[in-house]
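This report walks through one protein chain, from its core outward to selected residues. Please keep the sequence and the model in view while reading.

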Amino acid sequence: MIDFALVGCGRIAKRHAELLGTGQIKGARLAAVCDVRADRARAFGERFGVRHYDSIDALLGANGIDAVSILTPSGMHADHAVQVARSRRHVIVEKPMALTLADADRMIAACDASAVRLFVVKQNRFNVPVVHARAALDGGRFGKLVLGTVRVRWCRDQAYYDHDDWRGTWAQDGGVLANQASHHVDMLSWFMGDVESVHARGITALVDIEAEDTAVATLKFRNGALGIIEATGSARPKDMEGSLSILGSGGAVEIAGFAVNKIRTWQFVEPRPTDADVMEKYSVNPPNVYGFGHQAYYEHVVDCLAQGATALVDGHHGKQSLELVMALYESIASGREVTLPLRVERCPLGRAA
C-alpha cells in the first residue's frame with residue numbers, strides 16, 4: 001500500500017482526494033493533506049479522515065507518507081517538489097510542472113539526487129479514446145502525418161480569477177496556454193512529434209488578468225507536418241469543448257467532448273474489423289472514471305512505484321511540454337516565429353509583472 005499526501009487543497013485537489021481517499025485506486029490510499037489555509041486543510045482532512053497540516057514542513061516531518069501530490073499554484077511547484085524530493089518521497093506534480101525551464105531542471109535534479117520518482121500529471125493521455133488513437137498512431141495507421149489541431153473553448157469568467165489572487169498572474173500561473181490548454185498543447189506534440197517552430201498571438205479579451213485569456217498559434221513539426229492551437233477561456237456563457245484532431249495520409253481521428261473524452265471521427269483508408277469496436281465500446285470515457293483520466297493516471301503511478309514500470313510522463317517529458325508552452329509565449333511577446341530548442345528572451349511566464 002502506497003500512502004499519498006496532498007499539498008494544496010484548492011480546486012484541483014478534489015479530484016485527487018476523491019480517488020485516493022475513497023479507495024478507488026488499488027494499492028494506494030490518502031494519508032494526509034496540507035494547505036497554508038488551515039480551514040481548507042481541516043475540511044479535507046475531516047472529510048476523508050486523514051491528518052491535516054497547515055505547512056509543508058510539518059507534513060514532511062511526519063511519518064507514513066510515501067509519495068506527495070503537489071497541487072499548489074504553478075509558480076510554487078518547483079520549490080515544493082524540491083522539498084518533497086529532499087525528504088525522500090516520490091513527487092507527483094500537477095501541470096505545468098513549473099513555469100521556467102530552470103525550475104524544471106531543479107526539480108529533475110532534486111529527484112535524481114534523492115533517487116525518487118518524478119511524475120507530471122497529464123491525465124488526458126489516459127482517456128480511453130486517446131489510448132486507442134495513440135495505439136493507431138503507434139501502429140502506423142495514420143501514415144504520413146499532415147495536420148494536427150487542438151481546440152480549447154472553455155468558460156473562465158472574472159469570478160474564477162478573483163477566487164484566488166495568483167490566478168492569471170505571470171509569476172504564479174500564466175494564461176490559458178499555461179493553465180487550461182496545457183494538457184491539449186502536450187497532447188498535440190505527443191501525437192505529432194517534435195516541434196521545429198511556433199508562431200502565436202494572444203489577447204486578454206474578457207477578464208482583468210495579467211496574462212492572456214485567448215490565443216491562437218501555428219506550429220511546424222520536424223516531420224514536416226503542421227499544427228494549429230486555438231485556446232480560450234472566453235467561451236460564454238459555458239464551456240464548449242476541448243478537442244484534438246489528427247490527420248494523415250492513412251486516416252483521420254477527432255476526439256472532442258469537454259476534455260478530449262469522446263471520439264467524433266474515426267476513419268482510416270484501410271479499415272479494420274476492430275474499428276467498429278472502437279466506436280461502439282471505447283468512443284466515450286466510462287462514466288465511472290472520476291475526472292476522466294485521473295483514475296487511470298494514479299493506477300499508472302502505483303504501477304510505476306510498485307512494479308518499477310516506466311513513467312509515461314516523467315520530469316523530462318514534463319519539461320518538453322513546458323518548453324513548448326514557453327515558446328508560444330516567447331512568440332506572443334516578440335511577435336515573431338520562434339524555433340526550438342527555445343532561447344528565452346521575452347517569455348513572461350514565471351516572472352513578476
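## Core and fold

The largest nonpolar core holds 84 residues. Those with the most contacts inside it are V91, M97, F191, V198, I229 and L349. Helix α11 (residues 315-334) gives the most to this core, with seven residues. Apart from it lies another core, of 27 residues, with F4, L20, F126 and A311 among them. A nonpolar core here is a set of buried Ala, Val, Leu, Ile, Met, Phe, Trp, Tyr and Cys residues joined through side-chain atoms within 4.5 Å. Buried means under 20% relative accessible area, exposed over 50%, and partly exposed in between (1.4 Å probe, protein chains only).

The model is predicted: local features need pLDDT of at least 70, side-chain atom pairs count only at pLDDT 80 or more, and totals for chains, interfaces and linings use all residues. Residues are numbered from 1 along each chain as its sequence is written, and side-chain values use heavy atoms, with hydrogens and water left out.

M97 belongs to the group with the most contacts inside the largest core. Which residues does M97 touch, not counting those up to four places away in sequence? They are H77, A78, A104, M107, I108, L118, V120, G315, G318 and K319. Contact means heavy atoms within 4.5 Å.

## The chain as a whole

The protein chain has 11 helices and 14 strands. Helices (H or I, at least four residues) and strands (E, at least two) are DSSP runs, numbered from the N terminus. For 353 residues, a compact globule would have a radius of gyration near 20 Å; the chain has 20 Å, which agrees. That radius is taken over C-alpha atoms, and the globule rule is 2.2 Å times the number of residues to the power 0.38. Along its principal axes the C-alpha trace spans about 55 × 50 × 45 Å.

Buried residues make up 56% of the 353. Among contacts with a separation of 6 or more, 67% join residues 24 or more positions apart. The accessible surface comes to about 15000 Å², and carbon and sulfur atoms own 50% of it. Areas come from the Shrake-Rupley method with a 1.4 Å probe; for residues, only the protein chains shown count as cover.

## Four residues compared

| Residue | Place | Relative accessible area |
|---|---|---|
| S182 | helix α8 (residues 182-192) | 1% |
| S74 | loop between β4 (67-70) and α4 (77-86) | 7% |
| T232 | strand β10 (residues 226-232) | 11% |
| R15 | helix α1 (residues 13-21) | 27% |

Is S182 buried or exposed? S182 is buried, because its relative accessible area is 1%. Leaving out residues up to four places away in sequence, S182 touches K95, K122, V176, L177 and S321.

S74 is also buried. Under that sequence limit of four places, S74 touches K95, P96, A98, L99, Q172 and D173. K95 is thus a contact of S182 and of S74.

R15 is partly exposed. The C-alpha atoms of R15 and K95 are separated by 14 Å, with their positions 80 residues apart along the chain.

T232 is buried. With residues up to four places away left out, T232 touches V152, R153, W154, V176, D213 and T214. V176 is a contact of S182 and of T232. From T232 to T22, 210 residues apart along the chain, the C-alpha separation is 34 Å.
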